[in-house]
Amino acid sequence: MPCMGSGSRIDLTNQFLIAMPGMADDTFRGAVVYLCEHNDNGALGLVINKPIDIKVRNLFEKVELTLDRDELGEQPVYFGGPVQTERGFVLHEKLGDGPSPYNSTLSIGDSGLEMTTSKDVLEAMAEGGGPRRVLITLGYSGWRAGQLEDELGRNGWLTVGADPAVIFDTPIEQRYQRALGLLGFDPRMLSQDAGHA
């Protein structure tokens, strides 16, 4: 359940946004978005189930780095959303208990996850260090203040507490169903239209 903050504002940080079956926006149809930040200024998230035709190894080559981790190099890069699609976003497990060693990192609540946008995380990975479990996107999904709440009110999205296993351990084509499964009911019961009592 979403946390209620001051002024009864919902905080959906560390939640999945799951596109309703009737989502009209092609960009988000069938999408699962991991919300990295949600506050009074709006929301920022990364789509976790829409791979693009670039492998992680190719992305490293574009920034003149060599990646020797085959298991990671063959992973796809994802379409994180329609904002800043030329920029990379690295969703990863937190390293240790202290502050992030990277220049530009957002710690995501108490999830144990972080999102880094600075090249130093890629450099650490190229040198054989850095986070072990990562999801790399180009672009992000953003909502201005009140926009996401409006979309939720119009039944555009379902929300549920995020499970890192869906992000890192679930085959891409199963992530939507696995995220829906976290809701605890049969997703086939969903109507494509908003119902009113």
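**Salt bridges, ring pairs and an aspartate in a loop**

Asp-26 and Arg-29 join their side chains in a salt bridge, with 2.5 Å from N to O. This comes from a predicted model, as does everything else described here. The two partners differ in how much they show on the outside: Asp-26 is exposed at a relative accessible area of 56%, while Arg-29, at 42%, is partly exposed. Because the cut-off for exposed is over 50%, Arg-29 doesn't quite make it into that class.

That bridge is one of seven salt bridges in the count. In general terms, side chains of opposite charge can pair up when their charged atoms come close. Another case brings together Asp-70 and Arg-57, whose side chains meet at 2.9 Å, N to O. Here Asp-70 belongs to helix α2 (residues 70-73) and Arg-57 to helix α1 (residues 56-62), so the bridge ties together parts that sit 13 residues apart in sequence. Asp-70 is exposed, its relative accessible area being 55%. The pair isn't on its own, either: Arg-57, Asp-70 and Glu-74 are linked in a network of salt bridges.

A further bridge runs between Glu-93 and Arg-133, with the closest N and O atoms 3.1 Å apart. Glu-93 is in strand β8, whereas Arg-133 is in the loop between α3 (120-126) and β11, so this pair ties together parts 40 residues apart in sequence. Both ends come out as partly exposed, with a relative accessible area of 29% for Glu-93 and 26% for Arg-133.

Stepping back to the whole chain, the protein has six helices and twelve strands. Of its 197 residues, 43% are buried. Contacts that reach across the sequence are well represented: taking those between residues at least 6 apart, 64% join residues at least 24 apart. On the outside, the protein exposes about 10100 Å², and carbon and sulfur atoms supply 48% of that area.

Next come the aromatic rings, where the count gives five pairs. One of them is formed by Phe-89 and Tyr-140, an edge-to-face pair with 5.3 Å from centre to centre and 65° between the planes. Since Phe-89 lies in strand β8 (residues 83-93) and Tyr-140 in strand β11 (residues 134-144), the pair ties together parts that are 51 residues apart in sequence. Phe-89 and Tyr-140 are both buried. Strand β8 thus turns up twice in this account, as the home of Phe-89 and of Glu-93, the salt-bridge partner of Arg-133. Elsewhere, Phe-28, Trp-143 and Trp-157 make up one aromatic cluster.

Last up is Asp-163, found in the loop between β12 (157-161) and α5 (164-168). With a relative accessibility of 25%, Asp-163 counts as partly exposed, because buried would call for a value under 20%. A polar atom of the Asp-163 side chain lies 2.9 Å from the backbone nitrogen of Ala-165. Leaving aside residues up to four places away in sequence, Asp-163 touches Phe-16 and Leu-182. Tyr-34 is 129 residues from Asp-163 in sequence, yet their C-alpha atoms are 9.6 Å apart in space.

Technical notes:
Residues numbered from 1 in each chain as written. Predicted model: local features only at pLDDT ≥ 70, side-chain atom pairs only at ≥ 80, totals over all residues. Heavy atoms only, no water. Helix = DSSP H or I, 4+ residues; strand = E, 2+ residues; numbered from the N terminus. Buried < 20%, exposed > 50% of the residue type's maximum accessible area, 1.4 Å probe, protein only. Contact = heavy atoms within 4.5 Å. Areas by Shrake-Rupley, 256 points an atom, 1.4 Å probe, with all protein chains shown as cover. Phe/Tyr/Trp six-rings, centres within 6.5 Å; stacked < 30°, edge-to-face > 60°. Salt bridge = Lys/Arg side-chain N within 4 Å of Asp/Glu carboxyl O. Polar contact = N/O pair within 3.5 Å; in protein donor to acceptor, adjacent residues only side chain to side chain.
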